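Work through the two exercises below with the coordinates open beside you, and try each task before reading its solution.

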Amino acid sequence: MRKNIVAGNWKMNTTLQEGIALAKEVNEALAGVKTNCEVIICTPFTHLASVVPVVSPNIGVGAENCADKASGAYTGEVSAAMVASTGAKYVILGHSERRAYYGETVEILEEKVKLALANGLTPIFCIGEVLEEREANKQNEVVAAQLASVFSLSADDFSKIILAYEPVWAIGTGKTATPAQAQEIHAFIRSAVEKKYGKGIAESCSILYGGSCKPSNAKELFANPDVDGGLIGGAALNASDFKGIIDAFN
């Protein structure tokens, strides 16, 4: 049985004090509530060690990135081991913003994924196409090429990761893939996993949708057989909106 997951990506938002307050609000909103999905909040590096102790063990905490090196003279970088030492259990890797603004390649991301796994972190690995690629009907080949970062993993290691499909053209634009578009590409991603690792691993792999998901459209998106939850941006910065998305699984 694959897991339904709602993960929040706070991006570069909230001061430490605001982040702790938001984490407490999310924690309160979910206190005593039976959720039918796993809940994860991914915060800036500066918040991790402070957020982990203020949320219930039922709420996973993750980083938004980690370095592609284990340690050493890499000023300003944060390693997977450092992330794990805060008590965080997850890390977002390959987000479209990291690929676009910081030049993260298939090879760099392969290193990051391996280091995350070696340090006991669960990668939430992002793939997805930009508008020109979607308009040229190249979305399948784009996501297939991006999967190369994780398709070098053993079947055992691959089964530990979460995939997140982001239609880059729908992030922060207010555009959302239709439920049918989301299902179509999620099904393609699952079929690519099946070709590589077999039906069992493909069926147990959670694939999240990450593109302007809100309380108003979450239920319809999550109703698709191959959409196993969401990687939530803007709506994750508001505890009641975030809970509204989590409630879509109830």
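The radius of gyration is taken here over C-alpha atoms, and the globule rule sets the expected value at 2.2 Å times the number of residues to the power 0.38. The model is a predicted one.

**Exercise 1. Overall form**

Task: Decide which radius of gyration the globule rule gives for the protein, and set the computed value against it.

Solution: Begin with the chain length, which is 250 residues, so that a compact globule would have a radius of gyration near 18 Å. The protein has 17 Å, which agrees with that expectation. Next take the extents along the principal axes, where the C-alpha atoms fill a box of roughly 45 × 45 × 35 Å. Then turn to burial, for which the cut-off is under 20% relative accessible area: 51% of the 250 residues count as buried. Finally consider the contacts with a separation of 6 or more, of which 72% are accounted for by residues 24 or more positions apart. The secondary structure behind this picture comes to 12 helices and eight strands.

**Exercise 2. The largest pocket**

Task: Describe the largest pocket by its volume, by its lining residues and by the character of that lining.

Solution: Start with the volume, since about 460 Å³ of space lies in the largest pocket. Its lining is made up of 15 residues, and K11, M12, E64, R98 and Y102 lie nearest the centre. Helix α4 (residues 96-102) gives the largest share of this lining, namely four residues. Sorted by character, the lining residues divide into six nonpolar, five polar and four charged.

Definitions and conventions. Residues are numbered from 1 along each chain as its sequence is written. This is a predicted model: local features need pLDDT of at least 70, side-chain atom pairs count only at pLDDT 80 or more; totals for chains, interfaces and linings use all residues. Side-chain values use heavy atoms; hydrogens and water are left out. On a 1 Å grid over the protein atoms alone, a cavity is a set of points where a 1.4 Å probe fits but cannot get out, and a pocket is an open set with protein on both sides within 12 Å along at least five of seven lines; lining residues have an atom within 4 Å of a point. Grid points are joined across faces, edges and corners, and a volume is the space filled by probe spheres set on the points. Helices (H or I, at least four residues) and strands (E, at least two) are DSSP runs, numbered from the N terminus. Ala, Val, Leu, Ile, Met, Phe, Trp, Tyr, Cys and Pro count as nonpolar, Asp, Glu, Lys and Arg as charged, and the others, Gly among them, as polar. Buried means under 20% relative accessible area, exposed over 50%, partly exposed in between (1.4 Å probe, protein chains only). Contact means heavy atoms within 4.5 Å.
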